[in-house]
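Let's walk through this one piece by piece, from the fold down to a pocket and a few single residues. Have the viewer open as you read.

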Amino acid sequence: MKHSRRGGWGWFGSQDFPKVVAMLKYSKGSGLAQYALASEKLIVKRPDRVSAPEGAGYPLAGLTALYTLSRLTSNTTKAANILVTAASGGVGHYAVQLAKLGNNHVTATWSSKRRACQKFGCR
């Protein structure tokens, strides 16, 4: 893997492809393929400890949280009080982090993964 001049990552003649997660455009084909074409802006390396099915769900969970928070906070410029239920779940942990990035006050509920929640800002 080599760095391209345009600021992204590309593969030039290498057979040792890294494991990645990418958002694909439906008009360009589906994601259930051995090889796919994606914008370099929408590709990130997948950590070795993350399986392919887990990695496939990351973009969807993150976009769900982003869409919901943007709808909740679009009418205000000041910090909001946001309650995130199931904060240890897929969408929940993204929602907590994104809400905190927006300088909002976040209250979160979770069941069993307390330490994991505390790592990304739950109290």
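A residue is called buried when its relative accessible area is under 20%, exposed when that figure is over 50%, and partly exposed in between. Thr73, for instance, has a relative accessible area of 22%, so Thr73 lands in the partly exposed class. Keep in mind that this is a predicted model.

**The overall layout**

The protein has 123 residues, and 22% of them count as buried. Its secondary structure consists of three helices and six strands. Read from the N terminus, the order of elements is β-β-β-β-α-β-α-β-α.

**The β5-α2-β6 unit**

Let's zoom in on the stretch where β5, α2 and β6 come together as a right-handed β-α-β unit. Strand β5 covers residues 81-84 and strand β6 covers residues 105-108; the two pair in the parallel sense, over four bridges. Two of the partnerships can be named: Ile82 has Val106 as its bridge partner in β6, and Val84 has Ala108.

Which side chains of β5 are buried, and which are not? Ile82 and Val84 point to one face and are buried, whereas Asn81 and Leu83 point to the other face and are not. Strand β6 has two faces as well: Val106 and Ala108 make up the covered face, with His105 and Thr107 on the uncovered one.

Ala108 deserves a closer look. This residue sits in strand β6, and at 13% relative accessibility, which is under the 20% cut-off, Ala108 counts as buried. Ala108 and Thr85 are 23 residues apart along the chain, yet their C-alpha atoms are separated by 5.8 Å.

**Two residues with positive phi**

As a rule, most residues other than glycine have a negative phi. Two loop residues in this model go the other way. Ala86, in the loop between β5 and α2, has a phi near 55°, a positive value in a residue other than glycine. On the other side of the helix, the loop between α2 and β6 holds Asn103, whose phi is near 60° and thus also positive in a non-glycine residue.

How do the two fare for accessibility? Ala86 is at 49%, so this residue counts as partly exposed. Asn103 is at 63% relative accessibility and therefore counts as exposed.

**Pairs apart in sequence**

Here are three C-alpha pairs side by side, with their separation along the chain and in space.

| Pair | Apart along the chain | C-alpha to C-alpha |
|---|---|---|
| Ala108 and Thr85 | 23 residues | 5.8 Å |
| Lys41 and Ala22 | 19 residues | 9.0 Å |
| Thr73 and Ala99 | 26 residues | 9.4 Å |

Where does Lys41 lie? The answer is the loop between β3 and β4. With 77% relative accessibility, a value over the 50% cut-off, Lys41 counts as exposed. Thr73, by contrast, is found in helix α1, and its 22% relative accessible area makes this residue partly exposed.

**The second largest pocket**

Rolling a probe the size of a water molecule over the atoms shows where empty space is left. In this model, about 350 Å³ of space lies in the second largest pocket. Its lining is made of 19 residues, and those nearest the centre are Met23, Val44, Tyr58, Pro59 and Tyr94. The elements giving two or more residues to that lining are β3 (20-22), β4 (43-45), α1 (52-73) and α2 (90-101).

Which element gives the largest share of the lining? That is α1, with five residues.

What is the chemical make-up of the lining of the second largest pocket? Its residues split into 14 nonpolar, two polar and three charged. The domain assignment adds another angle: domain 1 (18-50) and domain 2 (53-122) each give at least three residues to the lining.

Notes: Residues numbered from 1 in each chain as written. Predicted model: local features only at pLDDT ≥ 70, side-chain atom pairs only at ≥ 80, totals over all residues. Heavy atoms only, no water. 1 Å grid on protein atoms, 1.4 Å probe; cavity = no way out; pocket = protein on both sides within 12 Å on 5 of 7 lines; lining within 4 Å. Points joined across faces, edges and corners; volume = space filled by probe spheres on them. Nonpolar A, V, L, I, M, F, W, Y, C, P; charged D, E, K, R; others polar. Domains from an automatic or database assignment. Buried < 20%, exposed > 50% of the residue type's maximum accessible area, 1.4 Å probe, protein only. Pairing = 2+ DSSP bridges. Right-handed = clockwise from strand over helix to strand, strands pointing away.
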